[in-house]
Amino acid sequence: MAHSPAAVPPGAPEQGCPIRVEHDRRRRQFTVRLNGCHDRAVLLYEYVGKRIVDLQHTEVPDAYRGRGIAKHLAKAALDFVVEEDLRAHVTCWYIQKFVKENPLPQYVERLQP
């Protein structure tokens, strides 16, 4: 049975349902599980200095796009940068867009030029 683009895949976060972001420090990634364990959205980062992280890539499977999942990943990553007193280099175009649309001082002051 095919899903239309507007259909919600089984187990997907639906509007009104909380999206839970998990942080795996060992693998240097933030994830949101979708549809049980099969699908996931991910934000990858790397340490590029002792106190500098590069927020590299955000990926949300096509079937789950447009639901604000990437926004939750970006916020979690930037909150991590603030909480850990780090600086951030932002390679990922989505996170650059997120900061431009949400220019909170605690985020902006942590960005590397």
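I started with helix H2 and found Trp93, Lys100 and Glu101 exposed, on the side away from its buried residues. Worth noting up front: this is a predicted model.

**H2, the other face.** Which residues of H2 are buried? I get Tyr94, Ile95, Phe98 and Val99, in a helix that runs over residues 93–101. They span an arc of only 135 degrees around the axis, so they sit on the same side of H2. That fits the textbook helix: with 3.6 residues a turn, residues three or four places apart point the same way.

Next I looked up what this buried set packs against. My list has E3, strand E4 (52–59), helix H1 (69–83), E5 and helix H3 (105–108).

**The sheet.** I then traced the strands. They form an open sheet of five, ordered E1-E2-E3-E4-E5, and the pairing is mixed. Strand E1 (22–24) and strand E5 (87–90) are at the edges with a single partner strand each, so each has one side without a neighbour in the sheet. I noted an average twist of 25 degrees from one strand to the next.

**E2 and E3.** I zoomed in on this pair: E2 (residues 29–34) and E3 (residues 39–47) run antiparallel, with six bridges between them. I looked up Phe30 and found that its bridge partner in E3 is Leu43.

**Thr31.** Last stop, also in strand E2. Is Thr31 buried or exposed? Its relative accessible area is 10%, and the cut-off for buried is under 20%, so Thr31 counts as buried. Setting aside neighbours within four places in sequence, I see Thr31 in contact with Arg20, Val21, Glu22, Arg40, Ala41, Val42 and Leu73.

Technical notes. Residues are numbered from 1 along each chain as its sequence is written. This is a predicted model: local features need pLDDT of at least 70, side-chain atom pairs count only at pLDDT 80 or more; totals for chains, interfaces and linings use all residues. Side-chain values use heavy atoms; hydrogens and water are left out. Two strands pair if DSSP finds at least two bridges between them. Helices (H or I, at least four residues) and strands (E, at least two) are DSSP runs, numbered from the N terminus. Axes are lines fitted to C-alpha atoms, for helices over the stretch in contact, and angles run from 0 to 180 degrees between N-to-C directions. Buried means under 20% relative accessible area, exposed over 50%, partly exposed in between (1.4 Å probe, protein chains only). The arc is that of the directions from the helix axis to the C-beta atoms. Contact means heavy atoms within 4.5 Å.
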